[in-house]
Amino acid sequence: IMSTEQIEEVLANLLGAHPDGLTEEGLHRGFTGVASMPEVAGVLNKLLQARRLSISKVGGQLIYKEISAEQQGKLRDLGPEDMHVIQLIEAAGNKGIWIRDIKFHTNIQQNRITKILKTLEGRKLIKEVKVVGAKKKVYMMYNLEPSREVTGGAWYDSAQGYDVEFIQVLRDTTEKYIASKGYGTCEDIFSFIVKSGILKTELRLEDMQSIVNTLVYDGKLEELRDTRPGAGLRRAAFFYKPAKVTAMHQGLTLMPCGRCPVFADCSEDGDISPSKCVYYTEWLDF
């Protein structure tokens with residue numbers, strides 16, 4: 001039979017080996033043949049009450065995490081309602097949780113939730129993040145980087161919103177690169193831009209492809225299928241070269257919408273909308 005101290009030691013080793021969270025299955029596996037689960041449960045409850053351990057439910061299973069000494073200090077004097085809110089926010093991950101959902105899951109009054117959130121923000125346990133394209137804010141743990149669904153990805157600046165200048169820099173750099181090399185794949189362009197040091201946010205290959213597409217639609221680049229031997233085995237099926245003749249713009253390609261990399265995010269009631277688009281207004285005036 002293991003003592004409480006020995007169970008705590010084994011538990012500490014298990015938690016240390018799983019910094020992203022120890023599943024309930026992993027917990028059972030770690031104590032099989034070593035200690036009974038009722039004894040382990042007693043130690044878990046003790047650590048939870050002492051704020052040395054956090055528990056959350058992710059994907060239908062319980063996840064245990066060790067709380068650092070610094071975090072323990074921030075949790076000092078918080079009540080059960082505060083902890084319930086923290087657990088909900090932690091379970092939401094980097095997508096965050098809306099205040100209305102916090103109220104629904106906790107059944108705590110609105111004014112009390114507002115006070116709790118303010119306290120947790122003040123202790124830098126959580127943060128408020130504005131969701132791009134929606135008139136709402138979500139809450140997530142302070143140390144998390146918001147997901148692309150929340151921030152809008154590479155095309156948005158946290159302070160100014162839709163980052164027109166950054167998109168233009170990428171377009172100009174892409175055009176100059178292809179002009180200097182004569183031709184190149186999207187992967188070539190992507191690799192060059194990543195190494196250039198001009199990026200101020202995460203950029204994915206599909207983001208780069210959307211930039212290249214705007215230049216093709218705009219008649220700046222020409223897209224050609226790679227027909228060289230073995231091309232089908234390579235990831236890039238197309239390559240790009242400077243357009244010989246400026247393309248005739250008709251219909252959608254003439255409209256700003258036809259070469260907008262965030263066309264899919266545009267809606268009448270969103271942060272990006274035709275009524276707010278200066279380029280669309282200029283095109284109509286023209």
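The paragraphs below go through two sheets, a pocket and a pair of helices.

The model is predicted, so local features need pLDDT of at least 70 and side-chain atom pairs count only at pLDDT 80 or more, while totals for chains, interfaces and linings use all residues. Residues are numbered from 1 along each chain as its sequence is written, and side-chain values use heavy atoms, with hydrogens and water left out.

Helices (H or I, at least four residues) and strands (E, at least two) are DSSP runs, numbered from the N terminus. One open sheet has three strands in the order 1-3-2, with antiparallel pairing; two strands pair if DSSP finds at least two bridges between them. Strand 1 (22–23) and strand 2 (53–58) are at the edges with a single partner strand each, so one side of each has no neighbour in the sheet. Strand 1 pairs with strand 3 (residues 61–66) over two bridges in the antiparallel sense, and Thr 23 stands opposite Ile 63 in strand 3. Helix 3 (residues 37–49) lies across strand 2 and strand 3, at about 105° to strand 2. Such angles run from 0 to 180 degrees between N-to-C directions, and axes are lines fitted to C-alpha atoms, for helices over the stretch in contact.

Another open sheet of three strands has the order 4-6-5, also with antiparallel pairing. Its edge strands, strand 4 (97–98) and strand 5 (126–130), each pair on one side only. Two bridges join strand 4 to strand 6 (residues 137–141), and Ile 97 stands opposite Tyr 139 in strand 6. Helix 5 packs on this sheet, touching strand 4, strand 5 and strand 6, and its direction makes about 95° with that of strand 6. Contact here means heavy atoms within 4.5 Å.

Lys 127 lies in strand 5. Not counting residues up to four places away in sequence, Lys 127 touches several residues, including Glu 121, Tyr 139 and Pro 146. Lys 127 and Gly 96 are 31 residues apart in sequence and 9.4 Å apart in space, C-alpha to C-alpha.

The second largest pocket holds about 530 Å³ of space. A pocket is an open set of points on a 1 Å grid over the protein atoms alone, where a 1.4 Å probe fits, with protein on both sides within 12 Å along at least five of seven lines; lining residues have an atom within 4 Å of a point. Grid points are joined across faces, edges and corners, and the volume is the space filled by probe spheres set on the points. Of the 24 lining residues, the closest to the centre are Lys 65, Gln 71, Glu 90, Met 141 and Asn 143. Helix 5 gives the largest share of the lining, five residues.

Finally, helix 9 (residues 164–181) and helix 10 (residues 186–196) pack at an angle of about 115°, with their axes 10 Å apart. Leu 170, Thr 173, Thr 174, Tyr 177 and Ile 178 in helix 9 meet Asp 188, Ile 189, Phe 192 and Ile 193 in helix 10.
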